[in-house]
Amino acid sequence: MPAPDVTDAALAAPVAGSMPARGGLVGMVTAEATGTGLLVTAIIGSGIAADQAFPDSPGTALLVNAITTGAAVAALICTLGAVSAAFNPLVTLLARADRGLTTRQGLAAILAQLVGAGIGVLAANTMFALPPLTLASTERADGPVLLGEFIATLGLLLVVALTARNGNITRIGLAVGGYITAAMWFTSSTAFANPAVTLARIGTDTFTGITPSSALAFLALQAVALPATYLLVRLINRSIP
């Protein structure tokens, strides 16, 4: 597979060009499923734990959830980033758009992310003695919140795409983890910014849950952020040596 042309768009996933050399398709699929599963488990599990520990303080619970999520993202990218596309279908699609992945690799990665996310929600619910799947009842989709989700997703994709220019996995992990921790506080949507994670959170009626109707609206705004990021990165990279 040819290496991504970072001088043109720098839209590849973290070190997408090293995927076949490091682990091949099987390694990438395994890393994607494992990483996404652990990420979803961390998001939902920490939300449940924080809500149980601070039932009368949603702000404190969100702080715990944000710190845990950011730390998990950073650790997983640093650990698995050499063979993964960042556990996020949007990042995978950016990598495909920049020819950092083949269509076959991209589809396999996204399927693995969805499967991993499903396993993650089952694991998180079960760990806390809840039914494996519980339909979420938390409505999140109104105009201001949807704007927040667009901003959260656009920012995340920009951080990934532009940080990936130098191929330093540790730097990418720290940048993405830091951004997610911050975005969970500065956006009104609490920064889902990941279709696989968004779909998984339909299956937990807990602190991090989201109703199916709200999830569909979030997915629409995440999708809109994808081409917007592509254009922004191309414009920004025109002025970067």
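Reader: Before we start, what does "buried" mean here?
Author: Happy to set that out, and do keep in mind that this is a predicted model. A residue is called exposed over 50% relative accessible area and partly exposed in between. Buried means under 20% relative accessible area.

Reader: Thanks! Is Phe192 buried or exposed?
Author: Buried requires a value under 20%. Phe192 has 5% relative accessibility, so Phe192 counts as buried.

Reader: Which aromatic ring pairs with Phe192, and what does the pair tie together?
Author: The pair is edge-to-face, with 4.9 Å centre to centre and 70° between the planes. Phe192 sits in the loop between H7 and H8, while its partner belongs to helix H9 (residues 212-237), so the pair ties together parts that are 26 residues apart in sequence. That partner is buried too, at 0% relative accessibility. The ring you are after is Phe218.

Reader: Which residue lies over the face of Phe192?
Author: Here we look at the face of the ring, where a side chain lies at 3.5 Å from the ring centre. The residue is Arg201.

Reader: In the pair of Tyr179 and Phe186, which residue counts as partly exposed?
Author: This pair is also edge-to-face, at 5.9 Å centre to centre and 80° between the planes. Tyr179 has 14% relative accessibility, so Tyr179 counts as buried. The other ring has 49%, and the partly exposed residue is therefore Phe186.

Reader: And which helix gives the most to the largest nonpolar core?
Author: That core has 41 residues, and Val40, Ile77, Leu156 and Val176 touch the most other members. Helices giving two or more residues include H2 (24-53) and H6 (143-163). The top contributor, with 7 residues, is H7.

Definitions and conventions:
Residues are numbered from 1 along each chain as its sequence is written. Side-chain values use heavy atoms; hydrogens and water are left out. A nonpolar core is a set of buried Ala, Val, Leu, Ile, Met, Phe, Trp, Tyr and Cys residues joined through side-chain atoms within 4.5 Å. Buried means under 20% relative accessible area, exposed over 50%, partly exposed in between (1.4 Å probe, protein chains only). Helices (H or I, at least four residues) and strands (E, at least two) are DSSP runs, numbered from the N terminus. Rings of Phe, Tyr and Trp (its six-membered ring) pair if their centres lie within 6.5 Å; planes under 30 degrees apart count as stacked, over 60 as edge-to-face and the rest as tilted. A charge sits over a ring if NZ of Lys or CZ of Arg is within 6 Å of the ring centre and within 35 degrees of the ring normal.
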